[in-house]
Amino acid sequence: MAEQNNKNNQPQVDEKQLLKVRREKLADLQERGKDPFQITKYDVTHHSMDIKNNFDALAAEHDEEGKLIKDPAKLVSIAGRIMLKRVMGKASFCNVQDLEGNIQVYVARNEICEEPFDEYKDFKKMDIGDIVGIKGYPFKTKTGEMSIHATEVTLLTKSLQILPEKHHGLTNTDLRYRQRYLDLIMNQEAKEVFVKRSKIISEIRRYLDGQGFMEVETPMLVHNAGGAAARPFETHFNALDEDVKLRISLELYLKRLIVGGLEKVYEIGRVFRNEGVDTRHNPEFTLMELYQAYTDYNGMMDLTENLYRHLAESVCGSAKIVYNGIEMDLSKPFERLTMVDAVKKYAGVDWNEVETVEQAKELAKEHHIEFEEHHKKGDILNLFFEEFVEEHLVQPTFIMDHPIEISPLTKKKPENPEYVERFEFFMNGWEMANAYSELNDPIDQRERFKAQEELLALGDEEANTTDEDFMNALEIGMPPTGGIGFGIDRMCMLLTDSQAIRDVLLFPTMKQLDK
């Protein structure tokens with residue numbers, strides 16, 4: 001990506017030569033005792049948007065002849081990266097980009113130095129990508145652009161690489177993900193997404209803390225990676241000579257804390273699932289799980305609805321959000337449907353009339369749904385739901401009362417034990433959260449674990465195994481509890497209108513390039 005000469009009709013300079021010149025400039029500075037890498041700090045008083053948003057209060061005044069009045073009270077200091085530079089003899093302009101945006105800087109030779117004008121000569125040799133500190137006075141140019149009239153320019157970091165050409169930005173998607181630092185420099189929209197992501201997580205914490213929840217941390221390296229249907233990553237702990245796994249869920253440890261008497265707990269943290277990569281999946285991702293004693297899945301539905309509405313209003317400024325051109329309204333009560341009713345509504349199949357596994361399999365064949373021989377009636381209901389229902393759940397919707405076969409950690413519905421007190425929250429056709437009235441019967445739980453181990457023996461690598469310490473905790477006694485897990489990355493995708501999970505992960509998983 002060679003830098004272009006300011007005049008388009010002149011030939012490009014060889015990139016290797018440009019890189020060589022940058023290093024020569026650094027060597028020259030170092031020989032003259034001006035090594036920028038020896039600078040350890042720079043006092044910043046303002047950012048670019050601070051100055052623009054409060055320009056009237058910060059702007060320096062001019063005398064009757066139009067000359068800038070240098071009132072020390074108006075002096076500002078910013079720091080950032082040079083993104084544009086125009087040298088015009090005794091005066092020049094550059095554009096400096098910082099965390100919040102960018103601002104034009106006017107650099108006049110007589111204002112920043114005296115003869116022999118060494119500081120101005122050094123400024124003229126600065127490159128696009130160099131990091132500088134600017135002291136000066138806010139003012140407007142003749143064209144009305146908010147700018148800084150520099151009185152001092154300090155080179156803080158010499159850039160030894162060449163940035164992509166600014167006009168086109170960084171458009172190579174693969175390079176954007178692999179070199180996120182370049183993406184953040186060149187694409188303001190990308191930076192705004194991650195600033196917004198940080199605000200989303202801060203608002204989640206603020207909301208839950210206000211509801212009396214306590215944030216905790218639980219182990220990432222575990223002997224039993226339970227709590228979800230996923231294949232774990234495995235590693236070896238040399239110090240103890242034991243094989244361990246990276247957690248796939250936060251559930252089992254958080255429930256231990258409920259047993260211990262912490263009535264409202266949550267954790268936001270990375271989990272790891274040894275699965276594929278696509279627009280909505282990354283093998284390491286951010287999950288939030290929370291558990292509340294003495295409530296059930298209805299309480300979790302209320303919490304979810306209130307939390308999402310709060311996030312939309314506080315982060316996006318409205319309870320109505322737009323994703324990929326589609327408006328989703330979080331101001332209204334969210335729809336609530338049982339899985340059976342949803343399949344009846346969208347697939348035209350009444351599961352209440354399905355009495356046996358054989359009937360379920362025949363219906364699957366009729367509707368061209370592939371299933372495995374070990375699947376039971378509830379598994380096939382879920383396959384119908386995935387095939388015919390999910391894509392229609394664009395507006396906020398709770399799908400409740402899942403079959404017991406796919407919910408090994410959930411309380412049965414007392415009036416219909418084939419189903420459990422569970423819901424999944426959907427928006428834009430995506431599962432956004434998963435919640436239960438948590439199973440606290442240790443006898444029932446052991447039977448569910450036993451069924452999972454039978455599936456494991458049949459080759460289901462995502463099945464759970466019995467966690468004896470967790471079983472011991474349940475036997476000590478866990479109160480009635482509601483629990484929920486939120487996919488933070490998908491939440492951020494929706495609230496930032498990002499099309500792929502990699503767009504909301506600073507450093508997504510990428511296949512290593514051949515060396």
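A nonpolar core is a set of buried Ala, Val, Leu, Ile, Met, Phe, Trp, Tyr and Cys residues joined through side-chain atoms within 4.5 Å. Keep that in mind as you look at this structure, which is a predicted model. The largest such core here has 45 residues. You'll also meet a closed barrel of five strands, an open sheet of eight strands and some helices that cross each other.

**The cores**

- Within the 45-residue core, the members that touch the most others are M288, L290, F423, F486 and M491.
- Helix α10, covering residues 297-316, supplies the largest share of this core, with nine residues.
- Let's zoom in on F423: setting aside neighbours within four places in sequence, its contacts include Y297, M300, M301 and T304. Also on F423's list are F398, I399, M400 and H402, along with A433, N434, A435 and I484.
- There's another core lying apart from that one, made of 25 residues, including F55, C113, Y120 and L155.

**The barrel**

- Follow the five strands around the closed barrel and you get β1-β2-β3-β5-β4, with mixed pairing.
- On average, neighbouring strands in this sheet are turned by 50° against each other, if you ignore direction.
- Strands β2 (residues 91-97) and β3 (residues 102-108) run antiparallel and are joined by seven bridges.
- To spot this pairing on screen, look for V96, which stands opposite I103 in β3.

**The open sheet**

- A bit of background: strands of a sheet pair through backbone hydrogen bonds, and they can be parallel or antiparallel.
- The eight strands come in the order β6-β10-β11-β20-β19-β18-β15-β14, again with mixed pairing.
- At the edges sit β6 (214-215) and β14 (335-338), and each of them pairs on one side only.
- Inside the sheet, β18 (residues 422-427) and β19 (residues 430-437) are antiparallel, with six bridges between them.
- In that pair, F425 stands opposite A433 in β19.
- Helix α9 (residues 251-259) packs on the sheet and touches β10 (264-272), β11 (284-293), β19 and β20 (481-487). The direction of α9 makes about 25° with that of β11.

**Helices that cross**

- When two helices pack, people describe them by the angle between their axes and the distance between the axes.
- The axes of α11 (residues 339-347) and α13 (residues 377-388) come within 10 Å and cross at roughly 50°, so α11 counts as oblique to α13.
- This α11 and α13 crossing is left-handed.
- On the α11 side, the contact involves M339, V340, A342, V343, Y346 and A347, while α13 brings L381, N382, F384, F385 and F388.
- Helix α8 (residues 188-210) packs against α10 at an angle of about 135°, with the axes 10 Å apart. That pair is therefore oblique too.
- Here α8 passes α10 in a right-handed crossing.
- From α8, the residues K196, K199, I200, E203, I204, Y207 and L208 meet L303, N306, L307, H310, L311, S314, V315 and C316 in α10.

**A loop residue to look up**

- T466 sits in the loop between α14 (442-457) and α15 (468-476).
- Is T466 buried or exposed? T466 is buried, because its relative accessible area is 18% and buried means under 20%.
- T466 and Q452 are 14 residues apart in sequence, and their C-alpha atoms are 8.3 Å apart in space.
- Not counting neighbours within four places in sequence, T466 is in contact with N224, R446, F449, E453 and M471.

Notes. Residues are numbered from 1 along each chain as its sequence is written. This is a predicted model: local features need pLDDT of at least 70, side-chain atom pairs count only at pLDDT 80 or more; totals for chains, interfaces and linings use all residues. Side-chain values use heavy atoms; hydrogens and water are left out. Two strands pair if DSSP finds at least two bridges between them. Helices (H or I, at least four residues) and strands (E, at least two) are DSSP runs, numbered from the N terminus. Axes are lines fitted to C-alpha atoms, for helices over the stretch in contact, and angles run from 0 to 180 degrees between N-to-C directions. Contact means heavy atoms within 4.5 Å. Buried means under 20% relative accessible area, exposed over 50%, partly exposed in between (1.4 Å probe, protein chains only). Angles under 35 degrees count as roughly parallel, over 145 as roughly antiparallel, 65 to 115 as roughly perpendicular and the rest as oblique. A crossing is left-handed if the near helix is turned anticlockwise from the far one by less than a right angle, and right-handed if clockwise.
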